[in-house]
Amino acid sequence: MSQPVTEPAVRNALSSFQDPETGRSAAQLGQVHQIQLRDGNISVTLGLTTWAAPLWNEIRDELSALLKSRFPDQAVEVDVEEHRRPAEPSGQLGLTAKSVIVVGAGKGGVGKSSIASYLACGLARAGAKVGLMDADVYGPSVPHLFGINETPQLVEGKIQPVEIAGVKILSMGLLVPPGEAVIWRGPMLHSALTQFVRDTAWGDLDYLVVDMPPGTGDVAISLSQLLTVTGAVVVCTPQDVALLDATKAINMFRKLQIELLGMVENMSFFLCPTCSTRHEIFGSGGAKQRAFEMEVPLLGEVPLDTQLRILGDEGRVFASFDHAPTREYLESIPRTLVSNLVRARRSRPVMPTLPLL
């Protein structure tokens, strides 16, 4: 026998539903914006922060299933809208980012900058507030991938990132003349990265994606000192030699006590543009097996696709999500990343939430 349908009963059913960002009760946090009961229909409006934007559709379905299980005789409609919380003071040298994701690789040439760009664009397309810091100071590729060459402006002593496709971008490639080599020692690198963090007007971000230089050098150490890093994503390709270098990157992050959020296998297979046949040129399953061996989640795979290469060369990497054959591969990476973050937060014990007065 189903329980009577009243607003208190619906609100009680929602009390166990956790806000994905905080892991606390969404109802107690005031994120149940509206409940309407009318003619056998339950209508709920749930407020979620843009941090969780890549999962809004999944959360809508999850909440609908919860309510249908409690009130099987009712039609259920769930809408999601943005829930705004007051900005909290940042402890990260003036940068306010809820999550800082560094993207690294053990060697060059595996498409690390492309993956960092796809991740940033995917999060932004979903509705999150995103910054992309190109910390690959010796070989900055992000400006070329996004087709930008204007020098960032300085306003009231703060560097203004260049914004394109909803992503705020800062790169050494925008601060030095094109083609000029950056020949710096460790202290100069640390100073430049400090400016990228402390003296840049990033604003309030849900995610700051950091494109790291390849290898295990000074930049990783400097960033671990400058930022509270949420975790790292390691990019590799299927070949054994690339997987060996990816292992080095994973071990470096672990020594720096940076959590491994996952691996992405780039150039995973060739997707034929005429017949859509999958050709595994560099082998198959290498990253999945290595991720399993090292207890690192596999976030996804990105095909070797002609159109992705063209869009990157043309400075339109943000348009890669409009390419139908690869769209799902690209969208699944930020979605899986955020889903893993949510799962980790929900598994941790949280402090009790006081009811709102």
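How much accessible surface does the protein have, and what share of it belongs to carbon and sulfur atoms? The surface comes to about 16800 Å², and 52% of that belongs to carbon and sulfur atoms. Please keep in mind that this is a predicted model.

Let me start with the overall picture. The protein has 357 residues, and 49% of them are buried. It contains ten helices and 14 strands. If we take the contacts with a separation of 6 or more, 76% of them are between residues 24 or more positions apart.

Next, one of the sheets. Three strands form an open sheet in the order 1-2-3, with mixed pairing. Strand 1, residues 32–38, and strand 3, residues 75–82, are the edge strands, and each pairs on one side only. From one strand to the next, the twist averages 15 degrees. Strand 1 and strand 2, which is residues 41–48, run antiparallel and are joined by six bridges. Within that pair, glutamine 34 stands opposite threonine 45 of strand 2.

Two helices go with these strands. Helix 2 packs on the sheet, where it touches strand 2 and strand 3, and its direction makes about 145 degrees with that of strand 3. Helix 1, residues 7–14, lies across strand 1 and strand 2 and runs at about 135 degrees to strand 1.

Now helix 3, residues 112–126. What span should its 15 residues have, at 1.5 Å a residue? The expected value is 21 Å, and the end C-alpha atoms are 21 Å apart, so the two agree. Twelve of the 15 residues are buried, and therefore helix 3 is largely enclosed by the rest of the structure. The buried ones include Ile115, Tyr118, Leu119, Cys121 and Leu123. They also include Lys112, at the start of the helix. Just after helix 3 comes glycine 127, which takes a positive phi of about 120 degrees.

The last topic is salt bridges. The count comes to 14. I will go through a few of them.

Arginine 335 forms a salt bridge with glutamate 58, and their closest N and O atoms are 3.7 Å apart. This pair links distant parts of the chain: arginine 335 is in helix 10, residues 324–347, while glutamate 58 is in helix 2, residues 56–70, and 277 residues separate them. Is arginine 335 buried or partly exposed? Its relative accessible area is 24%, so it counts as partly exposed, given that buried means under 20%. Glutamate 58 is also partly exposed, at 39%.

Arginine 290 and glutamate 293 are another pair, with N to O at 3.3 Å. Both lie in helix 8, residues 286–293, three residues apart, which is about one turn of the helix. Arginine 290 has 19% relative accessibility, so it counts as buried. Its partner, glutamate 293, is partly exposed, with a relative accessible area of 47%.

A further salt bridge joins the side chains of arginine 84 and glutamate 82, at 3.5 Å from N to O. Here arginine 84 is exposed, with a relative accessible area of 65%, and glutamate 82 counts as partly exposed at 30%.

Finally, Glu21, Lys98 and Asp206 are linked in a network of salt bridges.

Terms used:
Residues numbered from 1 in each chain as written. Predicted model: local features only at pLDDT ≥ 70, side-chain atom pairs only at ≥ 80, totals over all residues. Heavy atoms only, no water. Helix = DSSP H or I, 4+ residues; strand = E, 2+ residues; numbered from the N terminus. Buried < 20%, exposed > 50% of the residue type's maximum accessible area, 1.4 Å probe, protein only. Contact = heavy atoms within 4.5 Å. Areas by Shrake-Rupley, 256 points an atom, 1.4 Å probe, with all protein chains shown as cover. Expected span 1.5 Å × (residues − 1). Salt bridge = Lys/Arg side-chain N within 4 Å of Asp/Glu carboxyl O. Pairing = 2+ DSSP bridges. Axes fitted to C-alpha atoms, helices over the stretch in contact; angles between N-to-C directions.
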